[in-house]
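User: I am new to this structure and would like to go through some of its features step by step. Could you take my questions in turn and explain how each answer is reached?

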Amino acid sequence: MASQGGQANVSGNLLEHTVKNVFSSKGFLIVRSQDWHKSPDLFTKELLVTNVRYTSVYGHQGTTEFLLISDKHQKKIRIECKWQQVSGSVDEKLPYLYLNCIEAMPEDHIIIIIDGGGWKQGAVEWLRNAVREKKYTSESNRHKAIEVMSLTEFITWANREFK
């Protein structure tokens, strides 16, 4: 039997796999960040880059699951995936994630896909409210578009945006 942490990793990987499938079906090439950074000119301009690094608010290296780059649709979107199927500590990291979105991630458009049904009561609502109200942002970061979506909302968004 898998441990609770092991099960969480499997479920999180399924969420990431679903995101990859959505963009692959829309014609995006999936490429590892390290390969793309070595030779960006070798790749199409419709990409889903995986394991994208940034410098966190702590000054440490952080990694986001995806960076969507589309010349055709004029989009560059960082995508974070968070899955919480059973109660645990991931929801306590949501304020840290939000702060990194507004202060550390360089992209102006960030999507947080959050699902699984195991979040503590109020955690997802807090994140959605923080994004809606642009809580804790400085004037220099108010232009950022941060969206919080369930997996269903994300798939609907992708189908609408990338027909």
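User: Does Glu-107 count as buried or exposed, and at what relative accessibility?

Analyst: The model is a predicted one, and the answer rests on the computed accessibility of the residue. Buried means under 20% relative accessible area. Glu-107 falls under that cut-off and therefore counts as buried, its relative accessibility being 9%.

User: Which residue forms a salt bridge with Glu-107?

Analyst: As a general point, side chains of opposite charge can pair when their charged atoms come close. For Glu-107, the closest N and O atoms of the salt bridge are 2.5 Å apart, and the pair links distant parts of the chain, with Glu-107 in the loop between α3 and β5 and its partner in strand β4, 29 residues apart. The partner is buried, with a relative accessible area of 1%. The residue that forms this salt bridge with Glu-107 is Arg-78.

User: Arg-128 also forms a salt bridge, so how many residues apart in sequence are the parts that this pair ties together?

Analyst: The partner of Arg-128 is Glu-153, and the closest N and O atoms are 3.1 Å apart. Arg-128 counts as partly exposed at 26% relative accessibility, and Glu-153 is partly exposed as well, with a relative accessible area of 38%. Because Arg-128 lies in helix α4 and Glu-153 in helix α5, which covers residues 151-161, the parts tied together are 25 residues apart in sequence.

User: How many salt bridges does a search of the whole structure find?

Analyst: Besides the pairs of Glu-107 with Arg-78 and Arg-128 with Glu-153, the side chains of Asp-35 and Arg-32 meet in a salt bridge, at 3.0 Å from N to O. Asp-35 is partly exposed, with a relative accessible area of 26%, and Arg-32 is partly exposed too, with 44%. For the whole structure, the number of salt bridges found is six.

User: Which elements do the buried residues of α3 pack against?

Analyst: Helix α3 spans residues 94-103 and includes Tyr-96, which is partly exposed with a relative accessible area of 30%. The buried residues of α3 are Leu-94, Leu-97, Tyr-98, Asn-100, Cys-101 and Ile-102. These buried residues pack against β2 (46-55), β4 (75-83), β5 (109-115), α4 (123-133) and β6 (145-149).

User: About how much accessible area does the nonpolar surface patch with Tyr-96 have together?

Analyst: Tyr-96, found in helix α3, forms this patch on the surface with Val-57, Tyr-58 and Leu-99. Taken together, the accessible area of these residues is about 360 Å².

Methods:
Residues numbered from 1 in each chain as written. Predicted model: local features only at pLDDT ≥ 70, side-chain atom pairs only at ≥ 80, totals over all residues. Heavy atoms only, no water. Patch = residues over 30% accessible without salt bridge, like charges linked within 9 Å, V, L, I, M, F, W, Y side chains within 5 Å. Areas by Shrake-Rupley, 256 points an atom, 1.4 Å probe, with all protein chains shown as cover. Salt bridge = Lys/Arg side-chain N within 4 Å of Asp/Glu carboxyl O. Helix = DSSP H or I, 4+ residues; strand = E, 2+ residues; numbered from the N terminus. Buried < 20%, exposed > 50% of the residue type's maximum accessible area, 1.4 Å probe, protein only. Contact = heavy atoms within 4.5 Å.
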